[in-house]
Amino acid sequence: MTVGTDTRGAGKPDLAIELAGVSKSFGPVEANRDIHLAVRRGTIHGIVGENGAGKSTLMSILYGFYQADAGEIRVDGRPTPIPDSRAAIAAGIGMVHQHFMLVEPFSVLENVVLGAEDGRLLRPSLARARDALRRLERDYELEVDPDAIVGDLSVGAQQRVEILKALYREARILILDEPTGVLTPAEADHLFRVLAALRDEGKTIILITHKLREIMAITDAVSVMRRGEIVRTLPTAETSPAELAELMVGRRVLLRVDKAPARPGEVVIEARRLSLTDAGGARRLRDVSFEVRAGEILGIAGVAGNGQSELLEILAGIRPATSGAALLRGRPLDLSRATNGADRRARGIAHVPEDRHRRGLVMPFAAWENACLGYQDEARFAARFGLLDRDAIRAAARADIARFDIRPPSCDLKAANFSGGNQQKIVIAREMDREPDVLLVGQPTRGVDIGAIEFIHRQIVTLRDRGKAIILVSVELDEIQALSDRILVMFDGAVSGTRRAEETDERELGLLMAGIDPKAKGAA
Amino acid sequence: MRTSPPRWADLALIPAVNLLLALLVAGLVVILIGENPLRAVELLVTGSLGSSYGIGFTLYYATTFVFTGLSVAVAYHAGLFNIGSEGQAQLGCLGVTLVCLALDRTHWLLVLPAAILAGAAFGGAWAFLPGWLQAKRGSHVVITTIMFNFIASALIVYLLVNTLKVPGSMSPESRTFEAGAHLPFFHEMLAAIGIRVSRTPLNLSALIALLAAGLAWALIWRSRLGYEMRALGHSEPAAVYAGIDPARIIVIAMVISGALAGLMALNVIMGSQHRFVLDSVGGAGFVGIAVALMGRNHPAGILLAALLFGILYQGGSELAFEMPDISRDMIVVIQALVILFTGALENLTRAPIERLLARRGAG
C-alpha cells in the first residue's frame, strides 16, 4: 500500500535522489518494502517514522552500508549503484550520523582530512583543507576553529565538524540522522540556519527525525514511513503535526498529555547540596538541592551531560555522591556506595534507568527473568533452599504483559527481541508493580514509538495521581513540559533555575538550559 | 536484526559439525603419516567404548573432566574466565591427600565427607585470592589465575619433595593411603551385586560428578545466587542497578569454581591413585576449559563433552598402542584439533549455519 507516493516520472533531472522500488529484508523481517522516494534538488526533505519503521535501513542503503535486495537508486537522474560508502561519497552523498564518527584527540582539520588525504604527505593536504574550511565557514555559518581538538568541542560544534567533513568531500546531498537529539535549543536553531543556508546554495538535505516540530519548522517536503513502507509524501506546508503523527502510527494520537492539576502532599524526597566530583577531578554536580512532594512530578531538564544522569543515579543508589545529603521522608539515604540499589528498593524508591539496554534489562534474559530484576531477593519470588519461585515470577511477568499491553505477549522471549517501546514497558511495569513511594524515571520514552509514548506518559501521570513522588529526567523538552508539575533546569552540574510548569515557556527553559537565568540580573 | 538460531542447532548441530570438522582434519594428518584414518577411528572407538575395560577408563577420565568443566562453566556464567582450574585442582589434591593421610585408618564413608570439604576448601581458597583481587583491585582474573597455576605447581613440587615424600623414597609422592581412604571401585561395587566387569580406575566419584552437575545446574538456573551471577555475567551495569554487589558475586563465583576444580581430586587421589603423585592433575584443568566451551557451559553439555574427551583420552591411548606410527603426541594433536574447532574456531561454522537456518526459515 503506497498511498500518494510521489515519484514524478523516472529520471527527472531536478531530482537529486530517486529510489524506485527499493526493498530490503533481514531474514524474515522486511525492513524496507517497495520504497519509492523522490527528493528534489535544493530542498530539505524530512523523513519521519516510529522506531523500526525502516528509516535508518533506508538511509544505510543510500549510504552503502547495506545493499538493497531489489530496486534502483538514481542520483541526479542517473542510475547509481552504491555498493559501499566510498561509492556514496563519490556520488556526492554525505552523512552525518547520530553518533559522531570523529577521532576525539585529533584536531578539527585532521578530522576533516582523515580518509580524504591526497598524496603521501599530510602537510599539503592540511593546507588545502584549511583554505577549504575557511570558505565553507564563511558561506554557511559553520564556524569552528580548525586547530581545536575535537574532544574539547561542544556537541554542537562537533556536529558542525561532521557537516564540514561531508562538505569537504564535496557532498551535494547531505543525510542527517536525528541531528538534534544532543543539542540545546539554541544549538538546534544554529543547525537549522546552517541547513537553510546549504539549501539556498543548492544542496539537498535529507533530515531523519522523530521530532515533528523540526519537520514543520525546516523541511520543504516530508515522507512518513511505517512498517518499512513510505505511506505518504507531502509538502510540509500542507500538513500538520497531528496528521503526521496519525500517519506514523496509523491511528489518531493524542500529542498532549491529559492531566489534572497536581495536588501535592507532604515532602517525600529531598536533596540537600548534593555534589559530585568524578575520578578525573571534574565537578559533575554542584550543590544541587530540591524537594519533591507526594503527588507531584518534578521534571529535570537540561542538555544531556549536565549532571542529570549522575543526579538520578545517586538518588537510585548506584553512584556515590562526594558530599551533600538526600532524605526520604526525613531520613537520610546512604550516598556512600555504588551498591545501594537493593537498599533503595527496600525503602520504596523505584528507578527506571536512562539506559534500559545497559542497566534496566539484562538483554539475553527472557522477559520473565527481567520481571524480577532488582526484586530477586524479595520473599514473593523466593522458594526453598535459596531457589527462585519461577511460577511466581512468571505470574508477575504475565500480569505486567497484560497490564501494559506488552507485545508480543510472550514472557519467554528474550528482552533483546522486543522493540524499544516494549522493552521500556517491561522496565516501567516492573518498577511500578510495587507501588513505590518515589519513582525515578530517566528518559522514559527515548527510542520509544509514539503509540507507546502516549501510554507510558499516561502511566506516569496515573502514578502521580495515586500520590507518589516522581522525578523525571528527560532531554526532550516537550516531554518535560507535558508531564512535569515543576521543572528544574540543570546546567554544568548546578541548578540554573526552577519554574512551575504553567508559568514558563520553551524560550525561558532554553535560556536556563544554556546557563542563563533571564530573571536573575547579572547572574552568569 | 539477526535472530538467534533454534536451541537444538545451538546445543547439538553446531558442536556436532565442529567435531566432524576436527575429525576430518585429524584424518588428513593420519593420512599424511601414512596410516588409514578409518582404521584409526575404528581403533579410537573400540578402544574407548568397545569393552567394559575401555568404557571404565573412558568414564574415569570423563569424571575428572566433568569437575573441571563445571568449574570453568560456573565462573563463566558470572562473566569470569577462570583459567586457573588446573592450579585449583592441584590444591584440591593437596587437601584431599591431607585428609586421607590423617584419616585412612577409619572407613571411607567417614573420610569421604571430610575429603569433599577439604578438596572444595583448598580449591576454593586458591580461587578466592584471584577472585578477591579482581573484585577489589581490578586485577584481571585471567592473568592472576594463570599466575596462580604456576604458584600452585611450584608449591606442590616443594611439598611433595620436602614434606609429603616418604622418607628414603626417590619419587616425589605421598605414601599410599590405607584401604580406609579408598573410594570403592565400580568393578568392586558391581561385583557385589553379581556383575563382573574388568578392573578399571572408575570409582564412586563418577556418581559424585553427576550429582555435582545436577547441583551446578540448579545453582545456575534455579537459584537466586545463580540469577545474580548470570545477571552480572551479562551486564555489570544491570547487575549494579538490580542491587547486586559485583565484588561479592565475583568472589563467590570464583570460590565455587575453585571448589569444583578441587573436587576432581576425589576421582584421581582418593578414587584411583590412592596417593598424591607429582602429575596428578595432568592438564585436566585446561581440558576443563575445552569441555566447558564445547558443552556451552551447560551441565548437560558438559557431561557430553567430558564423555567425548574421555573417549579421546582412552581411545587415544589404545590407538597409540595399536598403531606405533601414531605416537602419544599425535593423540595430543587430535585432542588439540577438537579443542580448536569446538572452542576457538566455534564461530567458523556458527555464522554459515545461522544464515542457512535463517534462509530456510524465511523461505
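The second largest pocket has a volume of about 1,500 Å³. A pocket here is an open set of points on a 1 Å grid over the protein atoms alone, with protein on both sides within 12 Å along at least five of seven lines, and lining residues have an atom within 4 Å of a point. Grid points are joined across faces, edges and corners, and the volume is the space filled by probe spheres set on them. Before going on, please keep in mind that this is a predicted model, in which local features need pLDDT of at least 70, side-chain atom pairs count only at pLDDT 80 or more, and totals for chains, interfaces and linings use all residues. Residues are numbered from 1 along each chain as its sequence is written, chains are lettered from A and ligands numbered from 1 in the order in which they are written, and side-chain values use heavy atoms, with hydrogens and water left out.

Which residues lie closest to the centre of this pocket? Among the 39 lining residues they are Pro364(A), Lys414(A), Arg7(B), Asp10(B) and Trp221(B). Chain A gives two or more residues from each of helix 12 (367-370) and helix 13 (390-403), while chain B does so from helices including helix 1 (7-33) and helix 3 (52-77). Helix 9 of chain B gives the most, with 4 residues. Helices (H or I, at least four residues) and strands (E, at least two) are DSSP runs numbered from the N terminus. By residue type, the lining divides into 17 nonpolar, 11 polar and 11 charged; nonpolar covers Ala, Val, Leu, Ile, Met, Phe, Trp, Tyr, Cys and Pro, charged covers Asp, Glu, Lys and Arg, and the others, Gly among them, are polar.

Now to the cysteines. The structure holds 0 disulfides over all chains, a disulfide being a pair of cysteine sulfur atoms within 2.5 Å. Why is Cys372(A) without a bond? Its sulfur is 12 Å from the closest cysteine sulfur, in Cys411(A), which is too far. Cys372(A) is also buried, at 0% relative accessibility, where buried means under 20% relative accessible area, exposed over 50% and partly exposed in between (1.4 Å probe, protein chains only). In the other chain, Cys93(B) is in no disulfide, and the nearest cysteine sulfur, that of Cys100(B), is 10 Å away. Cys93(B) is buried too, with a relative accessible area of 0%.

Chain A also has an open sheet of 6 strands in the order 6-7-8-3-9-10, with mixed pairing; two strands pair if DSSP finds at least two bridges between them. Strand 6 (93-96) and strand 10 (229-235) stand at the edges with a single partner strand each, so one side of each is left without a neighbour in the sheet. Strand 6 of chain A runs parallel to strand 7 (residues 173-177) and is joined to it by 4 bridges, with Val96(A) partnered by Leu176(A).

Elsewhere in chain A, 7 bridges join the antiparallel strand 11 (residues 267-277) and strand 12 (residues 283-293). Ile269(A) stands opposite Val292(A), and in the hairpin, with 5 residues between the strands, Gly281(A) takes a positive phi near 90°.

A few backbone details round off the tour. Asp34(A), in strand 2 (residues 29-40) of chain A, has a positive phi near 45° and is partly exposed at 35%. Asp492(A), in the loop between strand 19 (486-491) and strand 20 (494-500) of chain A, has a positive phi of about 55°. Finally, a cis peptide bond joins Arg407(A) and Pro408(A), with omega about -5°.

Definitions and conventions
On a 1 Å grid over the protein atoms alone, a cavity is a set of points where a 1.4 Å probe fits but cannot get out, and a pocket is an open set with protein on both sides within 12 Å along at least five of seven lines; lining residues have an atom within 4 Å of a point.
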